Amino acid sequence: MIDNKTIAAVATPAGVGGIATIRVSGNQAVEICDKAFKSVSGKKLGKLNGYQALYGKIYDGEQPVDEAVCLVFKGPHSFTGEDVVEITCHGGIFVVKKVLRVIFDCGAVPAQAGEFSKRAFLNGKMDLSGVEGIMTLINSQGEQGMSAALNVLEGSLSRKVSEINNSLVEICAHISAWVDYPDEEIEELNEAEILKTVSQAKGEINSLLDRFDSGMAVTGGVEAAIIGKPNAGKSTLMNLLTGYDRSIVTDIEGTTRDVVEETVNIDGCILRLSDTAGIRETGDTVEKIGVKRSREKIRRSSVVIAVFDSGDELSKEDKELISLCEGKPVIPVLNKTDKPAKIDRDYIVATMGDPVEMSAIDGNGLQELKDKITTLLGTKNFDPNAAMLTNERQRQCCLKAVESLTEAENALMMGITLDAAGVCIDDAVSALLELTGEKATQAVVDKVFSNFCVGK
Ligand code: GDP
């Protein structure tokens with residue numbers, strides 16, 4: 001339920017800047033701001049139509065606080081769907097706090113994290129996936145991700161999901177009419193037709209799921225680990241990928257004792273890259289902790305870059321590392337190809353697939369490595385215009401829908417009564433409605449908005 005209080009918060013980041021914006025939303029927004037603001041022309045904000053602004057000063061009683069421009073949006077044609085005033089003042093930390101304090105003194109209450117977006121959702125301005133698109137857009141770190149998130153915000157995902165849902169709802173309605181009113185003359189259902197629609201809907205949800213990892217990789221980024229035995233050249237490769245000396249490079253084994261992390265943009269694919277301590281058992285306590293963290297890192301990574309020194313024979317540590325990577329999306333890298341090769345290449349091909357041959361010290365083979373990464377994560381031909389899932393919550397809803405549609409397919413193929421298939425299709429519809437927020441519980445809605453910052 002929407003709180004009928006008028007809320008206010010700073011919408012721009014904390015810190016010193018040329019200007020800052022305070023957002024006020026609610027049915028008393030204009031009245032509250034009129035108490036604190038005096039325009040140069042003497043005109044009141046309450047006299048403005050929507051999308052008009054006045055220039056003047058904010059006053060704390062009789063005391064001027066700052067110059068300001070107040071822009072009025074009239075509900076329902078505003079972000080939240082309510083009356084909104086955006087006060088733009090100077091961007092000093094103290095002055096912004098002071099203006100906000102004055103607005104509170106005039107009757108507004110502090111906004112909770114995500115409360116502006118929550119009101120937009122509750123007022124039907126946006127569905128849940130669109131709201132989550134805002135979050136993805138704010139956190140995007142690359143061009144492709146930004147434009148894909150903007151498309152989600154503008155409804156690409158909710159349109160796609162509604163399209164799928166409409167086809168399923170039509171079947172459910174037909175089945176229930178047929179089951180509930182056997183005496184009416186309802187057109188008989190063709191099971192093959194139903195099966196075709198169900199399978200098509202499932203296929204479309206599956207293609208949304210298939211694009212999930214690549215979507216994450218172009219927006220917020222995915223975890224990637226560089227692993228290998230000590231001295232294989234992991235830190236040198238990390239520095240090559242980040243473009244500067246982030247990791248310490250020495251030929252003393254075990255130099256990178258902890259996990260060094262950095263975000264890199266590989267041709268539009270965002271990796272949260274970590275250079276991990278070499279995998280080897282050691283008596284050194286500090287390095288032991290590092291090795292444990294490396295193992296954990298491999299477990300959590302979406303892509304693992306396994307580095308080998310091609311000038312060395314394959315060691316016990318290398319083989320242990322290969323077995324640690326089993327079942328993981330891994331790219332083997334044979335480093336130091338500028339040295340005579342001693343490594344058992346065939347063993348690596350057989351266990352991990354074709355390696356990238358490179359020399360991290362002079363950058364040879366770097367583009368091949370980048371191509372392998374973008375191909376593996378599916379970002380190479382990523383289409384930012386297509387609908388995309390933007391978080392784990394949405395992914396879980398899709399998985400639930402696919403599970404229910406699979407049950408429906410089985411029921412139809414086994415010739416079980418139509419109403420049994422109808423129940424499964426109905427479950428899939430519910431899962432998709434939860435995704436768009438049309439049928440989300442209060443707990444889900446609260447969880448989504450708790451991830452927002454205040455002022456959004
Ligand atoms: P790490 O322990 O795996 O992080 O290895 P480092 O990146 O610290 O490198 C260990 C040593 O190998 C350093 O002396 C590097 O300069 C050297 N090194 C790294 N990459 C190459 C390479 O491609 N060719 C050669 N010849 N030496 C390299």
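In this tour, contact means heavy atoms within 4.5 Å. Keep that in mind as you click, and remember that the model on your screen is predicted.

**Stop 1: a loop residue, S302**

Select S302, which sits in the loop between α10 (285-300) and β11 (303-309). Which residues does S302 contact once its neighbours within four places in sequence are set aside? Show V222, E223, P329 and L377, and you have them. Now pick out P329 from that group. In sequence S302 and P329 are 27 residues apart, yet their C-alpha atoms are 6.7 Å apart in space. Try a surface view here as well: S302 has a relative accessibility of 26% and counts as partly exposed, because the partly exposed class runs between 20% and 50%.

**Stop 2: the end of a strand, N335**

Next, select residues 330-335, which form strand β12, and find N335 in this strand. Is N335 buried or exposed? With a relative accessible area of 4%, N335 is buried, because buried means under 20%. Show the side chain of N335 and draw a distance to the backbone nitrogen of A360: the viewer should give 2.8 Å. Then bring up the surroundings. Leaving out residues up to four places away in sequence, N335 touches A232 and G233, the run V307, F308, D309, S310 and G311, and also M358, S359 and A360.

**Stop 3: a salt bridge next door, K336 and D309**

Step along to K336. Its partner is D309, with which K336 forms a salt bridge; the closest N and O atoms are 3.2 Å apart. This pair links distant parts of the chain, since K336 lies in the loop between β12 and α12 (345-352) while D309 lies in strand β11, 27 residues apart. You have already met D309 as one of the residues touched by N335. At 5% relative accessibility, D309 counts as buried.

**Stop 4: two salt bridges inside helices**

Select helix α3, residues 115-122, and show E115 and R119. Their side chains meet in a salt bridge, at 3.4 Å from N to O. The two residues are four apart in the helix, so about one helical turn separates them. Are E115 and R119 buried or exposed? E115 counts as buried at 12% relative accessibility, and R119 is buried too, at 2%. Add E82 to your selection: salt bridges that share partners join E82, E115 and R119 into one network.

For another helix, move to α6, residues 156-180, and show K160 and E163, which are three residues apart, about one turn of the helix. Here too a salt bridge joins the side chains, at 3.4 Å from N to O. K160 counts as partly exposed, at 24% relative accessibility, and E163 is partly exposed as well, with a relative accessible area of 48%. If you want to keep hunting, the count for salt bridges comes to 18.

**Stop 5: where two domains meet**

Zoom out and colour by domain. The domain assignment gives domain 1 as 7-125, domain 2 as 130-211 plus 389-450, and domain 3 as 218-376. In the contact between domain 1 and domain 2, six residues come from domain 1 and eight residues from domain 2. The C-alpha centres of these two domains lie 39 Å apart.

How much area is buried between domain 1 and domain 2? It is about 570 Å², and carbon and sulfur atoms give 74% of that. Select S117, K118 and F121: these three supply 72% of the area that domain 1 buries against domain 2, more than any other three residues. By class, the side of domain 1 that touches domain 2 has three nonpolar, two polar and one charged residues. How many salt bridges are counted between domain 1 and domain 2? The count is zero, and the count of residue pairs in polar contact, both at pLDDT 80 or more, is also zero.

**Stop 6: a hidden glutamine, Q394**

Finish with helix α14, residues 392-413, and pick Q394 within this helix. In a surface view Q394 should be hard to find, because its relative accessible area is 0% and it is buried. Hide the surface and show the residues that Q394 contacts, not counting neighbours within four places in sequence: S129, E132, L157, M388, L389 and L435.

Terms used: Residues numbered from 1 in each chain as written. Predicted model: local features only at pLDDT ≥ 70, side-chain atom pairs only at ≥ 80, totals over all residues. Heavy atoms only, no water. Domains from an automatic or database assignment. Buried area = accessible area lost by both parts, 1.4 Å probe. Salt bridge = Lys/Arg side-chain N within 4 Å of Asp/Glu carboxyl O. Polar contact = N/O pair within 3.5 Å; in protein donor to acceptor, adjacent residues only side chain to side chain. Nonpolar A, V, L, I, M, F, W, Y, C, P; charged D, E, K, R; others polar. Buried < 20%, exposed > 50% of the residue type's maximum accessible area, 1.4 Å probe, protein only.
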